[in-house]
Structure formats: structure tokens, C-alpha cells
Amino acid sequence: MTQPYQDELQARFGESVPLGGEVPQDAWLGRVLTRRTHRRYADRPVADALVRLLLAAAFSASSKSDYQQASAIWVRERARRDRLAALFPDMPWIGAAPVFLVFLGDARRLERIGELRGHRLDNGALEGFFNAAVDGALALQTCTLAAEAVGLGTCPISVMRNRIAEVADILALPDKVFPVAGLCLGWPAGQGFVSMRLPLAATVHVDRYDESRLAEAVDGYDRRRDARHSIKDRQRAPDRFGTADFYGWSEDKARQAAVPEGTGFATWLKARGFTFDEPR
Ligand SMILES: Cc1cc2nc3c(=O)[nH]c(=O)nc-3n(C[C@H](O)[C@H](O)[C@H](O)COP(=O)(O)O)c2cc1C
């Protein structure tokens, strides 16, 4: 018997993934396995009613303690979008996507609710920040999967945090409200491609954390990914890191992460009411 999802798993992981038994066949699950980010969109509008439906789906995501600490801004005004897009000229899809949403971690609303009910509370500890960030990310991803289910393409935009002061000004963010990521939405202009993932041997642990076979798993992944789509001619910062004989995903990501990103975000959050302390 042929196992379902083998084409999808092959596309996602670049190798077969034995599941070891029968599994339910579901078309949506197959689409999740082959989902992909889209950064180019057809010249076709996305109806407002559909955006509202997707936002309703986004806010159907689960939420820590039912505190509901995600918010979103639907950036509709062209001038405001242009100001945002101008901050990131390397990512023209921010300005070009038919729809642009910004998902927020919102640790403020709970404090406001405390005020309304006469119970003063401070939600600026690490716990408040973390819960709001997780809720914002869950809403973002739920919106993504909902959009993809109806054939839309999406691209999350976390680069916004690199210009946090300007972004916060454009979006009029109050204290204790921060962007998790923007989200471009539109009908895809092309097929896009499935981005291969690390094998489950590297990302899934059974019963206890075990990284003893990480190097082997990453080497194999680098080779599979290179065979599908080589990036050997796009070596990052060769003046600093040299030119590698074999340039795979892990070399690229290690170089990328060696350069700090998001500098200033922690300082901005602290100036906006987050202490990151233990709760008191
Ligand atoms: C939280 C988050 C932030 C991201 N930020 C950006 C971004 O600022 N710009 C961009 O072009 N893509 C961004 N991406 C898209 C990733 O680059 C993309 O998900 C990754 O390369 C894997 O590709 P795939 O989604 O097609 O599998 C972001 C993705 C996530 C989850």
C-alpha cells in the first residue's frame, strides 16, 4: 500500500519520511505540508469581506489563559503603508501586497481591563511580554493558514522590528503594545517553492532532549537542500567569513546570525513599560 503524503513529505524534507502506520488522508493537511511563503502578488484585489473573515480566523487561535493578548492593525491608508514600506526598500512586497496587516503582542489591554474592573495589575514582566508575543504569533500563523486555505499567498514581516521607533510612530502604538510581525496578503503571482526543512531527527526529540546526532542531521540536510537549490554563488560577507568550498544552509544561517539583528528592540520595549523581571 502506498503511504499518503509521500510526495508532500519528500517536497518538504527532501527525503522520504516513513510514518510507520496508517494515517488519515486529508487534503488540507497535504497543503499544509507543502505550504510556502509568497512575496509576489497578482494585480487582483482581496475583498474586504475576505480580509475580515481571515482576521476572524486569526483571532480564533488559542490564547494563553484566555487572556487574548493579540491585536492586529489592518493598514488601509495608502500614505501610511507607503511610510512603512519606505523604511524597508529591500522588501518591496511590503508596499506592493494588496493587503498589509500587522500582528501585535498586546500586554496593555489586560492592564486596561484591570483598570476597568478596579484591580490594578502590572503586565510588564517577562511573563506578560512572553504571553502577548506567543498570542500574537499564534494569531499571525492562524491567519496565514486560513489565507492559504483559500489560495492566498502570505509573507510575514518581522523586519519591522529593526526600525521599531519609526514603525511604532506610524502605527501609533501605545506602551506595552509591540509588533510581532507584519503580514502581506495577496493572490500569488507564481507557484513559489517549498522551502525544505531540517529533518525531524534534528527537530523532534523523544522523551528527552538529545542533540547527539545534530551534526550528521545538519550535514545531510545541507546536501539535500543544495542538490535542490544551490546557494553556493550567494555567499554572505566573504570579506569577513571567507569563501566556503561547500556553502549550504547551515553555513549561510551561521553567518547571518553572527551579525546582530533587531538591535534597539529590547531598549525600546523597556522604555515602553516592559521590565522583563519576575512577576510581582
Ligand atoms: C516571524 C516571521 C518573520 C518573518 N519575517 C520576514 C521578513 O521580514 N521578510 C520576508 O521577506 N520574509 C519573512 N519571513 C518569511 C521567512 O523568510 C520564511 O517563512 C522562511 O524563509 C521559510 O520559507 P517558507 O515559509 O516558504 O517555508 C518571516 C517568517 C516568520 C515566521
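These legends go with close-up views of the ligand site and the cysteines in a predicted model.

**View 1. The shell around the ligand.**
Here you're looking at the ligand with the 13 residues that surround it. Thr37, Arg39, Pro156, Ser158 and Arg197 are the closest of them. In terms of chemistry, the shell splits into six nonpolar, three polar and four charged residues. Strand 3, which runs through residues 153-157, chips in three residues, the most that any element gives to this shell.

**View 2. Polar atoms at the ligand.**
Zoom in on Arg197 and you'll find a polar side-chain atom 2.9 Å from an oxygen atom of the ligand. Trp93 also points a polar side-chain atom at a ligand oxygen, with 3.2 Å between the two. Ser158 does things through its backbone instead: a polar atom there sits 3.0 Å from a nitrogen atom of the ligand. As for cover, the ligand on its own has 620 Å² of accessible area, and the protein covers 66% of that.

**View 3. Cysteines without a bond.**
How many disulfides does the model have? The count is zero, and the sulfur distances show why: a disulfide needs two cysteine sulfurs within 2.5 Å. For Cys155, the closest cysteine sulfur belongs to Cys184, and at 5.3 Å it's too far for a bond. Cys143 also has the sulfur of Cys184 as its closest, but that one is 12 Å off, so no bond there either. Both cysteines are tucked away from the surface: Cys155 is buried at 2% relative accessible area, and Cys143 is buried at 0%.

How values were computed:
Residues are numbered from 1 along each chain as its sequence is written. This is a predicted model: local features need pLDDT of at least 70, side-chain atom pairs count only at pLDDT 80 or more; totals for chains, interfaces and linings use all residues. Side-chain values use heavy atoms; hydrogens and water are left out. A residue is near a molecule or strand if one of its heavy atoms lies within 4 Å of it. A polar contact is a pair of N or O atoms within 3.5 Å; within protein, one must be able to donate a hydrogen and the other to accept it, and residues adjacent in sequence count only if both atoms are side-chain atoms. Accessible areas come from the Shrake-Rupley method with a 1.4 Å probe; for residues, only the protein chains shown count as cover. Helices (H or I, at least four residues) and strands (E, at least two) are DSSP runs, numbered from the N terminus. Ala, Val, Leu, Ile, Met, Phe, Trp, Tyr, Cys and Pro count as nonpolar, Asp, Glu, Lys and Arg as charged, and the others, Gly among them, as polar. Buried means under 20% relative accessible area, exposed over 50%, partly exposed in between (1.4 Å probe, protein chains only).
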